[in-house]
Structures are given as C-alpha cells and as structure tokens.
Amino acid sequence: MLFMVCAKPDPGRTGLLQLGAVALGLWLSIADPARAQRPTDCPVQGRETQPYRNTRWGVSLMRHPGFVLDPGSVTPNGDSVRFWTADRRATAVVTSLRQRADQSILDLLAEARQDILVNSRGEITYQRRRDNWFVLSGYVAGRIFYQRTFLARDRQATSTLLVEFPRDMLPCFDRAVTTMSLSFREWP
C-alpha cells in the first residue's frame with residue numbers, strides 16, 4: 001500500500017520501518033483498528049483496473065472501474081477529466097496544463113501548499129518531492145485528499161492527479177489510490 005494519510009511523523013524515530021514507510025509513502029495513524037477494515041459497501045473492491053490515456057498531453061494512469069468517467073467533465077481542449085464513484089462519494093481528477101517556462105517544481109509545490117493550507121484551510125499530513133514531481137496528502141473540508149503533480153513533456157507541461165474521498169472510507173480507497181498514483185505518468 002502506497003497511500004496513507006497520517007499524523008505528522010516523529011523526526012526522532014529511526015529504523016528500517018520508518019525508512020521503508022517514507023520510501024513508499026506509507027504512513028497511517030488510525031487509533032481504532034476496527035476502522036482499518038475494508039467497508040463492505042466499498043465501490044472499488046477488487047484489483048481490476050482500466051487504463052486512462054490523455055493523448056493530447058501524453059499522460060496515463062490505471063484506474064479502478066469503480067471510478068467512472070464523468071462525460072460532462074471532459075474539457076473541449078482535453079485539459080481535464082473527472083472520474084466519480086457511483087455513489088459520488090469519491091472523485092479523481094486528472095488535469096494537464098502548459099507549464100510556464102520559469103516555474104519550477106518547488107514553485108508548483110509552494111502554490112499547491114498555499115491553496116491547501118490558506119485557501120482551503122486544509123491540513124497537509126504527508127509531503128514528498130523529487131526533481132520533477134511531488135505528492136501531498138491530508139485533509140480538506142473533512143475529506144481526505146491525495147495530490148500527485150509532475151512535470152511532463154520536457155518540463156513544458158504540468159499534470160496533476162487529485163483524489164478526494166470521505167475520511168471514513170480510507171480503508172476502502174487505499175488500494176485504488178495507490179494504483180492510480182503509481183501508474184500516473186507520462187507516456188510516449
């Protein structure tokens with residue numbers, strides 16, 4: 001499992017467990033073990049996946065068939081698309097935009113953090129950044145969010161996957177979000 005929302009990590013804690021968790025993006029803080037069980041009404045049970053490809057921007061991901069394309073969300077120029085679960089409790093949005101030449105991944109991360117912390121009054125519980133991508137996750141308006149943004153097309157474009165769902169549905173959506181995140185990438 002890659003995606004977990006967590007309490008802030010203890011910087012003094014060391015060891016293989018923490019290193020593995022950080023390396024894979026794992027971190028979970030659930031006080032009640034009963035909450036960790038997968039709900040029986042989960043709209044994304046099973047391991048099956050379906051591909052999504054945006055040919056204009058050259059990005060793809062594998063999504064659980066429980067996330068269904070919202071045809072009304074597809075923009076005329078193909079910049080954005082939204083997938084909903086049948087009960088509309090969860091959404092996944094893929095957006096690609098032309099990148100400003102002077103904008104770095106650090107600039108994009110700062111903008112995303114500002115949007116979450118100040119504009120949305122949310123809480124970031126996990127952050128990871130590399131040379132051309134970053135991940136943020138946490139809470140906004142009582143919901144869990146997961147955002148993965150990367151620079152594509154030789155840093156000429158920015159692509160973002162944003163998934164949101166209710167907090168109590170974390171065990172249900174963990175595997176689906178992990179699959180989408182790990183498969184969200186540029187393709188030739």
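In the predicted model, threonine 85 touches Pro43, Val44, Gly66, Phe67, Ala90 and Phe173, leaving aside residues up to four places away in sequence. This threonine is found in the loop that joins β4 (80-84) to β5 (91-98). Its relative accessibility is 1%, and threonine 85 therefore counts as buried, the cut-off being under 20% relative accessible area. A polar atom of the threonine 85 side chain also lies 3.4 Å from the backbone nitrogen of arginine 89.

Alanine 86 likewise belongs to the loop between β4 and β5. With a relative accessible area of 78%, alanine 86 is exposed, because the threshold for that class is over 50%. In sequence, alanine 86 and valine 68 are 18 residues apart, while in space their C-alpha atoms are 7.3 Å apart.

The surrounding chain contains 3 helices and 10 strands. From the beginning of the sequence to its end, these elements follow the pattern α-β-β-β-β-β-α-β-β-β-β-α-β. Of the 188 residues in the protein chain, 46% are buried. Among contacts with a separation of 6 or more, 49% are made by residues 24 or more positions apart.

Helix α2 was examined in detail. This helix comprises 15 residues, 105-119, and at 1.5 Å a residue it should span 21 Å. The expected span is 1.5 Å times one less than the number of residues, and the C-alpha atoms at the two ends are 20 Å apart, which agrees with the expectation. The buried residues of α2 are Ile105, Leu108, Leu109, Ala112 and Ile116. Viewed down the helix axis, the buried residues of α2 fall within an arc of 100°, so they line one face of the helix. A general property of helices helps in reading this arrangement: an α-helix has 3.6 residues a turn, so residues three or four places apart point the same way. The cover over the buried residues of α2 includes four strands, namely β6 (123-129), β7 (133-140), β8 (143-152) and β9 (157-166).

Both ends of α2 were also considered. At the N-terminal end, serine 104 acts as a cap, with a side-chain oxygen 3.2 Å from the backbone nitrogen of leucine 106. Just after the helix, arginine 121 adopts a positive phi of about 55°.

Aromatic side chains form a further set of contacts. In total, 4 aromatic pairs were counted. In one of them, the ring centres of phenylalanine 150 and phenylalanine 184 are 4.9 Å apart and the ring planes meet at 65°, so the pair is edge-to-face; the cut-off for this class is over 60 degrees. Phenylalanine 150 lies in strand β8 and phenylalanine 184 in the loop between α3 (170-183) and β10 (185-186), so that the pair links distant parts of the chain, 34 residues apart. Both of these phenylalanines are buried. Elsewhere, ring pairs join Phe67, Phe165 and Phe173 into a cluster. Phe67 and Phe173 from this cluster are also among the residues touched by threonine 85.

Aromatic rings take part in contacts with arginine as well. The charged end of arginine 148 sits over the ring of tryptophan 133, at 4.4 Å from the centre of that ring. Arginine 167 is placed over the face of tyrosine 139, where the distance to the ring centre is 3.5 Å.

Key
Residues numbered from 1 in each chain as written. Predicted model: local features only at pLDDT ≥ 70, side-chain atom pairs only at ≥ 80, totals over all residues. Heavy atoms only, no water. Buried < 20%, exposed > 50% of the residue type's maximum accessible area, 1.4 Å probe, protein only. Arc of directions from axis to C-beta. Contact = heavy atoms within 4.5 Å. Polar contact = N/O pair within 3.5 Å; in protein donor to acceptor, adjacent residues only side chain to side chain. Phe/Tyr/Trp six-rings, centres within 6.5 Å; stacked < 30°, edge-to-face > 60°. Lys NZ or Arg CZ within 6 Å of the ring centre and 35° of its normal.
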